[in-house]
Amino acid sequence: MKILMTASELSPFASTGRLGRDVSALAYSLRRLKHEVSVVIPLHRSVRENARIKKTGVKFSVSVGNARYLTEIFETSAPDGTQVFLVARDEFFDRSGLYGNDSGDYQDNSARFIYFTKCALELARRMDPSPEVVHAHGWQTALSGIFARESKLAARTVFTPHGLEFQGNFWSYDFSLTNLPGEYFGAGGLEFYGSLNFLKSGLLFSDLVIMPSERFAAAAQTPTYGCGLEVVLREQSGKLYGIPDGHELENWAPETDAALPFKFGKKNPAARSGNLQPLEELMEWEPGAEATCVSFACASPGVDIFLASLDRLLAHNVRAVLFGDPGHENLRALETAIRKHQGRFTFVRDYPEETVRLALGAADFVVIPGPADPSSPWLLRAMAYGCAPIAHQCPGLFQFVTEFQPGSGSGNGFLFNLSTTDALIDACRKAIAAKSQEDSRIQIVKAAMAQDFSVGASALAHERIYAGLLGKSVTKRKAA
């Protein structure tokens with residue numbers, strides 16, 4: 001497939017964080033799957049300073065409101081070989097910062113990225129052969145879907161928000177800069193509480209929207225996580241797709257983790273057991289536990305259920321540690337648990353990362369007592385370290401956790417549906433019983449570590465989504 005990605009950043013040329021790195025990694029991984037991928041970004045000052053650029057000979061004009069701007073397209077190559085097109089317009093992009101300076105955001109950001117997005121789509125129209133998919137990244141290029149629709153561009157459009165906090169909100173008068181028909185500025189269009197909202201446009205008018213996971217996509221449709229756009233997201237739920245991006249696993253690998261006395265991995269999971277004694281000594285636990293658990297106060301809203309379950313859980317000869325701040329409302333229950341279960345339960349409020357790494361590389365289970373955080377960082381890290389989840393069933397969790405079946409070895413965790421201590425304890429009992437079986441013990445560790453959240457796996461998922469959008473079939477294969 002021929003794919004054109006549009007973004008305001010691309011590592012290493014111009015990047016403020018994850019956006020530039022994610023676009024670069026995805027483009028490269030798709031190219032390794034033999035797709036023809038190009039990226040178009042603005043010709044920022046940092047790009048001029050850090051890349052060898054050349055003219056393409058392509059020039060055209062685009063309108064931004066009442067003004068018409070001549071555009072020149074340059075070209076360079078990323079270190080990994082990805083073709084990169086550069087939209088040049090010095091008055092918009094020859095600046096010290098990508099989006100602002102010490103005084104704040106640039107006041108003309110709406111004009112800058114309306115201009116850039118129009119140029120990117122005009123470039124797509126002139127490419128030969130034309131791209132089959134235009135994949136826009138971030139609020140800066142979120143207008144790609146509506147501009148493609150209005151200009152009848154043949155390519156299908158995909159949009160990845162890369163978060164909902166930053167939406168590209170601008171005053172209503174900037175709508176005139178889009179040159180779109182006036183009916184698009186309304187509740188069913190780009191208007192959002194009287195403002196122009198780029199991100200809303202991407203959700204409404206792109207053919208497909210890709211979220212960081214199905215768990216994130218589900219949670220984003222609620223007021224707690226939707227950043228005000230939850231109603232729009234619910235209305236567009238049919239075209240939301242979740243692909244785990246694995247960014248929470250950067251620098252988290254049990255094969256090389258210096259915090260683990262005994263390194264291990266998918267090929268030698270049995271070596272993991274050597275980390276238990278160092279953890280017991282660090283936590284000052286009594287030895288000889290049937291199972292060990294770790295939980296994170298920040299991972300879900302169910303800390304009260306976890307603390308209320310400790311009496312019954314620890315009666316099964318279990319050891320447990322809770323990391324993080326449980327909130328003022330849980331302090332009394334926490335203090336009681338610390339007094340009652342000394343030698344079996346440990347609370348660590350301000351935890352060194354090395355301590356968490358050791359805990360994840362030694363404990364049997366990670367307890368997620370309430371709906372998992374949309375980004376699920378501790379769940380993903382625990383599973384990567386062979387720590388099987390005991391988790392509250394919630395929308396989108398299926399992409400990470402399915403019920404472990406001792407007979408077949410399928411599944412990778414233990415689930416419960418009700419937010420009650422009884423339900424949590426029942427799931428813990430199932431987990432402990434499975435772990436006590438010799439043939440299941442290593443199976444559980446392997447199953448937890450089996451899922452692939454790498455960039456290569458993400459690229460395969462993107463490939464399937466693109467193909468479905470285009471009505472094509474793809475051969476099932478492993479991540480490159």
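**Exercise 1. The environment of D245**

Is D245 buried, partly exposed or exposed? Classify D245 by its relative accessible area, then describe its location and contacts in this predicted model.

*Solution.*

Step 1. The relative accessible area of D245 is 24%. Buried requires under 20% and exposed requires over 50%, so D245 counts as partly exposed.

Step 2. As to location, D245 lies in the loop that runs between strand 14 (240-242) and helix 9 (276-283).

Step 3. Residues up to four places away in sequence are set aside, and D245 then touches R18, P212 and F453. With R18 there is a polar contact between the two side chains, at 2.9 Å.

Step 4. For a longer separation along the chain, consider A372, which is 127 residues from D245: the C-alpha atoms of the two are separated by 16 Å.

**Exercise 2. The environment of T355**

Determine the secondary structure element, the burial class and the contacts of T355.

*Solution.*

Step 1. T355 belongs to helix 12 (residues 353-360).

Step 2. With a relative accessible area of 14%, T355 is buried, because the class demands a value under 20%.

Step 3. Apart from neighbours within four places in sequence, the contacts of T355 are L282, M283 and F323.

**Exercise 3. Two helix pairs**

Characterise the packing of helix 14 with helix 15, and of helix 1 with helix 16, by geometry and by residue composition.

*Solution.*

Step 1. Two packed helices are described by the angle between their axes and by the distance between the axes.

Step 2. For helix 14 (residues 421-436) and helix 15 (residues 438-450), the axes come within 5 Å and cross at roughly 115 degrees. The two helices are therefore roughly perpendicular to each other.

Step 3. On the side of helix 14, the contact involves A434, K435 and S436; helix 15 contributes E438, S440, R441 and I444. By class, this contact comprises 2 nonpolar, 2 polar and 3 charged residues.

Step 4. For helix 1 (residues 18-32) and helix 16 (residues 455-470), the axes are 9 Å apart and the packing angle is about 70 degrees. Helix 1 is thus roughly perpendicular to helix 16.

Step 5. A25, L26, S29 and L30 of helix 1 meet V455, G456, A459, H462, E463 and Y466 of helix 16. The composition here is 6 nonpolar, 3 polar and 1 charged.

**Exercise 4. Strand pairing**

How many bridges join strand 3 to strand 4, and in which direction do these strands run? Continue with the order of strands in the open sheet that contains strand 18 and strand 19.

*Solution.*

Step 1. Strand 3 (residues 54-64) and strand 4 (residues 67-77) run antiparallel and are joined by 9 bridges. One of the residues involved is K59, whose bridge partner in strand 4 is E72.

Step 2. The connection between strand 3 and strand 4 is a hairpin with 2 residues between the strands. In the turn, G65 has a positive phi of about 70 degrees.

Step 3. The open sheet consists of 6 strands in the order 17-16-15-18-19-20, with parallel pairing. Strand 17 (345-348) and strand 20 (414-416) are the edge strands, each pairing on one side only.

Step 4. Direction ignored, neighbouring strands of this sheet are turned by 20 degrees against each other on average.

Step 5. Within the sheet, strand 18 (residues 365-368) and strand 19 (residues 388-392) run parallel and are joined by 4 bridges. V367 has I390 as its bridge partner in strand 19.

Technical notes. Residues numbered from 1 in each chain as written. Predicted model: local features only at pLDDT ≥ 70, side-chain atom pairs only at ≥ 80, totals over all residues. Heavy atoms only, no water. Axes fitted to C-alpha atoms, helices over the stretch in contact; angles between N-to-C directions. Parallel < 35°, antiparallel > 145°, perpendicular 65-115°, else oblique. Contact = heavy atoms within 4.5 Å. Nonpolar A, V, L, I, M, F, W, Y, C, P; charged D, E, K, R; others polar. Pairing = 2+ DSSP bridges. Buried < 20%, exposed > 50% of the residue type's maximum accessible area, 1.4 Å probe, protein only. Polar contact = N/O pair within 3.5 Å; in protein donor to acceptor, adjacent residues only side chain to side chain.
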